[in-house]
Amino acid sequence: MIINIQKDYDGEDFSTILCFHYKKLAEKVVETVLDLENCPFEAEVDLTLTGDETIREINRENRDMDKVTDVLSFPMFQYPTPADFDAAEADPFGAFDPDNGHLMLGDIIINVRRVLEQAENYGHSRKREYAFLIAHSVLHLIGYDHMTPEEAAVMEAKQEAALKILNITREVET
């Protein structure tokens, strides 16, 4: 598992802001989701931690939505059906890093300010909010969506299953 992390958050220390080791947690969440989806490959994710201004700009440039959001996901490969890793294997030049052979999942961009706000608003820990956003994004990176109530229910169940395995609950840690 490779997690490449970029930080664009006014030079603040994310470990202090988030109160946990954000890279290790990201790796655990990505691995857990991929294990639940029976991904047969080593994978790579690019994770950017940022704030309101940068995520708004990315959202505007890439989605024509001029607003702040909590997370954005940009898959490297379009799966014909969610988690169809056979399709990724059939197109090795589009889905795999030629240098290390890892399945390139894509980019996740998380607004750290929203992690803090949403954790407080939902009454759970920052760790839980961060892990939830990563699980949600990984599912997007492997082809899941939530445009219909049925799709949303599938994603919600998969997100909660991953967090349960990791013992990351909605309870606020003390």
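This is the transcript of a short group-meeting talk on the salt bridges, surface charge, helices and backbone angles of one structure.

Good morning, everyone. Before the details, please note that what we are looking at is a predicted model.

I shall begin with the charged side chains. As general background, side chains of opposite charge can pair when their charged atoms come close. In this model the count of salt bridges comes to five, and I shall take three of them in turn, beginning with the pair formed by lysine 158 and glutamate 37. The closest N and O atoms of lysine 158 and glutamate 37 are 2.8 Å apart. Lysine 158 belongs to helix α8, residues 149-165, whereas glutamate 37 sits in the loop between α2 (22-36) and β2 (43-50), so this salt bridge ties together parts that are 121 residues apart in sequence. Which of the two partners is buried? Glutamate 37 is, because its relative accessible area is 11%, under the 20% limit for a buried residue. Lysine 158, with a relative accessible area of 26%, is partly exposed.

The next two salt bridges have a partner in common. Aspartate 66 meets arginine 56 with an N to O distance of 2.8 Å. Here aspartate 66 lies in the loop between α3 and β3 (71-75) and arginine 56 in helix α3, so the pair joins parts that are ten residues apart in sequence. Aspartate 66 also meets arginine 60, in this case at 3.0 Å from N to O. What do these contacts amount to when taken together? Through shared partners, Arg56, Arg60 and Asp66 become one network of salt bridges. As to exposure, aspartate 66 is partly exposed at 43% relative accessibility; arginine 56 is partly exposed at 36%; and arginine 60 is partly exposed at 37%.

Let us stay with helix α3 for a moment. Aspartate 52 is part of this helix, which covers residues 52-63. With a relative accessible area of 31%, aspartate 52 is partly exposed. That value matters for what follows, because a residue enters a patch only with over 30% relative accessible area and no salt bridge. Which residues gather in the patch of negative charge on the surface? They are Asp52, Glu53, Glu57 and Glu61. On the spacing of such positions, an α-helix has 3.6 residues a turn, so residues three or four places apart point the same way.

I turn now to helix α7, residues 126-141. How does the span of its 16 residues agree with expectation? At 1.5 Å a residue the helix should span 22 Å, and its end C-alpha atoms are indeed 22 Å apart. Of the 16 residues of α7, 14 are buried, so the helix is largely enclosed by the rest of the structure. After α7 comes glycine 143, with a positive phi near 105 degrees.

This brings me to the backbone. Most residues other than glycine have a negative phi, so I draw your attention to two residues with a positive value. Asparagine 38 has a phi of about 55 degrees although it is not a glycine. Asparagine 38 is placed in the loop between α2 and β2, and it is exposed, with a relative accessible area of 61%. Alanine 83 likewise has a positive phi, near 60 degrees. Alanine 83 lies in the loop between β3 and α4. Is alanine 83 buried or exposed? At a relative accessible area of 15%, alanine 83 is buried.

Finally, some separations in space. The C-alpha atoms of asparagine 38 and phenylalanine 85 are separated by 8.7 Å, while the two residues are 47 apart along the chain. Aspartate 99 and isoleucine 17 are 82 residues apart along the chain, with 34 Å between their C-alpha atoms. Aspartate 99 itself occupies the loop between α5 (92-95) and β4 (103-111) and is exposed, at 75% relative accessibility. Alanine 90 and alanine 157 are 67 residues apart in sequence and 29 Å apart in space, from C-alpha to C-alpha. Alanine 90 is found in helix α4, residues 85-90, and is exposed, with a relative accessible area of 65%.

Thank you for your attention.

How values were computed. Residues numbered from 1 in each chain as written. Predicted model: local features only at pLDDT ≥ 70, side-chain atom pairs only at ≥ 80, totals over all residues. Heavy atoms only, no water. Patch = residues over 30% accessible without salt bridge, like charges linked within 9 Å, V, L, I, M, F, W, Y side chains within 5 Å. Areas by Shrake-Rupley, 256 points an atom, 1.4 Å probe, with all protein chains shown as cover. Salt bridge = Lys/Arg side-chain N within 4 Å of Asp/Glu carboxyl O. Lys, Arg positive; Asp, Glu negative; His and termini not counted. Charge placed at Lys NZ, Arg CZ, Asp CG, Glu CD. Helix = DSSP H or I, 4+ residues; strand = E, 2+ residues; numbered from the N terminus. Buried < 20%, exposed > 50% of the residue type's maximum accessible area, 1.4 Å probe, protein only. Expected span 1.5 Å × (residues − 1).
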